[in-house]
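Open the model in a viewer and keep the selection tool at hand. The stops below go from pockets to a helix pair and then to a charged pair.

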Amino acid sequence: MAVSCASSTRNDSEIDALMRDYRGTNPGASVLVARGGDVVFRKSYGMANIEAGIGASPSTHYRLASITKQFTAAAIMTLAENGRLSFDDPVRKHLPSLPMWAEPMTIRHLLTHTSGVIDYESVIPKGMTAQLKDAEVLGMLEGETTTYFPAGTSYRYSNTGYAFLALIVERVSGMRFAAFLRDQVFGPAGMRSSLAHEDGMSTVPGRAYGYSRDGERWKRTDQSLTSAVLGDGGIYASIDELARWLAALDGGRFAAAAEPLVATSDQEVHYGFGWRVAEHRGRRTAGHTGETMGFRNAMVRFPEERLAVV
């Protein structure tokens with residue numbers, strides 16, 4: 001997909017109006033609309049870095065939060081395609097330090113949020129100030145004695161499950177999760193600057209920082225205790241990079257991830273592998289949102305029409 005606007009849309013002014021709160025010196029945002037392999041709207045608003053006076057642009061990289069999950073799922077799918085693992089592998093085959101409550105859990109349960117595993121956010125020790133990593137999520141769960149429900153019997157959205165998936169990628173591939181994504185997921189899609197950010201090991205190009213309102217001013221609120229957990233939300237990407245990802249998806253790559261595999265708590269929505277799947281006015285959609293300290297993201301695709309909005 002060429003990352004330039006192929007045509008002007010009559011709705012440009014309407015999109016500008018929707019984005020008015022992100023203009024000027026406010027924390028910024030970027031919007032992409034792609035259709036049929038062409039980018040038809042591509043624009044950024046406001047600031048990526050208020051303190052440095054750097055405006056947002058289509059190459060600004062935002063922390064994707066839970067939109068990361070489709071990439072984590074893609075990494076698992078790549079290993080499955082290469083015969084390195086099976087979706088029906090027991091989780092303890094790859095993470096044997098987990099207690100016996102994990103015995104019934106499979107990789108498929110982790111992908112579809114049907115594992116029942118405890119939310120790691122609920123068991124973070126009081127007073128902890130150092131950022132968690134995926135391996136530390138595993139360490140905390142090793143001390144738990146139960147699950148929310150038996151694997152496969154219900155749905156409960158789980159960041160823990162996707163942290164486990166990142167660790168499984170590392171153990172099966174022998175590579176760091178960030179390196180596997182770079183070489184096996186981002187690279188084939190032409191995403192040269194997207195990355196799972198590891199503090200002290202990588203630099204985010206054109207990085208946007210997160211902010212929250214503090215009275216009459218904006219306060220940088222870019223990181224939390226959980227921001228360094230990669231599998232559930234640690235990827236940074238720009239709309240230009242996501243345009244390339246959408247082109248790869250339009251070509252059929254990872255199409256099975258957007259199948260409506262399990263029912264969720266919303267009767268109109270099913271979950272696949274890192275995607276929420278629904279019908280909207282008679283049109284099938286596949287999408288996801290992502291929220292974390294200082295960031296909000298949304299992606300929705302209409303696969304049959306090769307239409308997407310980020």
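A pocket here is an open set of grid points where a 1.4 Å probe fits, with protein on both sides within 12 Å along at least five of seven lines; its volume is the space filled by probe spheres set on those points. The model is predicted.

**Stop 1: the second largest pocket**

Select Lys133, Asp134, Glu198, Ala228 and Leu230. These are the residues closest to the centre of the second largest pocket, out of 21 that line it. Its volume is about 310 Å³. Now add the helices α5 (134-141), α6 (159-173) and α7 (177-186), each of which supplies at least two lining residues. Which helix gives the most to this lining? It is α6, with three residues. Coloured by class, the lining shows nine nonpolar, five polar and seven charged residues.

**Stop 2: from α6 to α2**

Keep α6 selected and add α2 (residues 68-81). The two axes come within 10 Å of each other and cross at roughly 35 degrees. The crossing is left-handed. To see the contact, show side chains on both helices: Lys69, Thr72, Ala73, Ala75, Ile76 and Leu79 on α2 meet Asn159, Tyr162, Leu165, Ala166, Ile168, Val169, Val172 and Ser173 on α6. Sorted by class, the residues of this contact are ten nonpolar, three polar and one charged.

**Stop 3: a salt bridge beyond α2**

Follow the chain out of α2 into the loop that leads to α3 (91-94), and select Asp88 there. Which residue does Asp88 form a salt bridge with? The partner is Arg108, and the closest N and O atoms are 3.0 Å apart. Arg108 sits in helix α4 (residues 107-111), 20 residues from Asp88, and the pair links distant parts of the chain. With a cut-off of 4 Å between side-chain nitrogen and carboxyl oxygen, the model has 17 salt bridges.

**Stop 4: the largest pocket**

Clear the selection and move to the largest pocket, which holds about 1,100 Å³ of space. Select Met19, Ala29, Ser30, Val31 and Val310, the closest to its centre among 43 lining residues. Next, show the elements that each give two or more residues to the lining: α1 (12-18), β1 (29-35), β2 (38-45), β7 (211-214), α8 (239-250), β13 (283-292), β14 (295-302) and β15 (307-309). The largest share, five residues, comes from β1. By class, the lining of this pocket comprises 26 nonpolar, twelve polar and five charged residues.

Conventions
Residues numbered from 1 in each chain as written. Predicted model: local features only at pLDDT ≥ 70, side-chain atom pairs only at ≥ 80, totals over all residues. Heavy atoms only, no water. 1 Å grid on protein atoms, 1.4 Å probe; cavity = no way out; pocket = protein on both sides within 12 Å on 5 of 7 lines; lining within 4 Å. Helix = DSSP H or I, 4+ residues; strand = E, 2+ residues; numbered from the N terminus. Nonpolar A, V, L, I, M, F, W, Y, C, P; charged D, E, K, R; others polar. Axes fitted to C-alpha atoms, helices over the stretch in contact; angles between N-to-C directions. Left-handed = near helix turned anticlockwise from the far one by under 90°. Contact = heavy atoms within 4.5 Å.
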